[in-house]
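Here's a quick tour of a protein chain, with a few spots to look at. Have the structure open while you read.

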Amino acid sequence: ATIATSEDFLMDVPSAMPYLAKRLAYLVGRAEEKKMVYGDGSAPNMMGLINAEDTDDAAQVVSQGSETLDDSVALLMAEVFSASGLLPTWALMNPLRWLDYTTAKSGDGQYLTGHASRDQVFQLWGMQVAMSNAISHDTIVVGSPEAAGRWVHTSGVHVEASHGYGSYFGTGNVLVKAKIRSTIAYEHA
């Protein structure tokens, strides 16, 4: 992630660089999350959950069509169990999809999923629900961490500034950039 600013701004506002570093760390995290889901494995992208060929026993993905969310998730749970022999323990979906599901009501005004209790708010058929804006509204991923692999972060967020980027040197502009190295290491038990 990058942000262009001026040398004068950074000198005149001493609190700007910590703010920019915090903002860039947020943007890097969002980009990393999107690549964790949709990464295609071509350098420098990691292989994401959606495109990993060897995760048939780790996670199953569906783009929801005419079936209901319950039907889609039940099908995914069965596919994960059939492929791995492990019961899935998590579901990943867009927060708006989760909101649609939890607020759906029947004709008499009752919630189809029942009233939420504190212990079951982020659960779906006994699975923990993880939400991410990085995943599209019509995609759901279901899996089991025992079959998936491990997350590897090889460094923290690295932030640096340079006025030697492109034509910035002559114009007094500064490019502040942040990067992180991480990957999903797929392993089978």
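## The start of H4

Keep in mind that this is a predicted model. At the N-terminal end of H4, Asn94 acts as the cap, with a side-chain oxygen 2.7 Å from the backbone nitrogen of Leu96.

Helix H4 itself runs over residues 95–103, and its buried residues are Arg97, Trp98 and Tyr101. These three sit on the same side of H4, because the arc they cover around the axis is only 100 degrees.

## A closer look at Arg97

Arg97 belongs to helix H4. Is this arginine buried or exposed? Its relative accessibility is 14%, so Arg97 counts as buried, the cut-off being under 20%.

What does the side chain of Arg97 meet? One of its polar atoms lies 3.3 Å from the backbone oxygen of His137.

## Leu86, out in a loop

Go back along the chain and you'll find Leu86 in the loop that links helix H3 (69–84) and strand E3 (90–93). With a relative accessible area of 29%, Leu86 is partly exposed.

Leu86 and Ser144 are 58 residues apart along the chain, yet their C-alpha atoms are separated by just 7.0 Å.

## How far to trust it

Across the chain, pLDDT averages 75, and 70% of the residues score at least 70. Of the chain's elements, strand E5 (residues 127–131) has the highest mean pLDDT, at 87, while strand E2 (residues 59–63) has the lowest, at 50.

Residues 54–59 come out with pLDDT below 50. That stretch still has 19 contacts in the model beyond near neighbours in sequence.

Notes:
Residues numbered from 1 in each chain as written. Predicted model: local features only at pLDDT ≥ 70, side-chain atom pairs only at ≥ 80, totals over all residues. Heavy atoms only, no water. Buried < 20%, exposed > 50% of the residue type's maximum accessible area, 1.4 Å probe, protein only. Helix = DSSP H or I, 4+ residues; strand = E, 2+ residues; numbered from the N terminus. Arc of directions from axis to C-beta. Polar contact = N/O pair within 3.5 Å; in protein donor to acceptor, adjacent residues only side chain to side chain. pLDDT = per-residue confidence, 0-100. Contact = heavy atoms within 4.5 Å.
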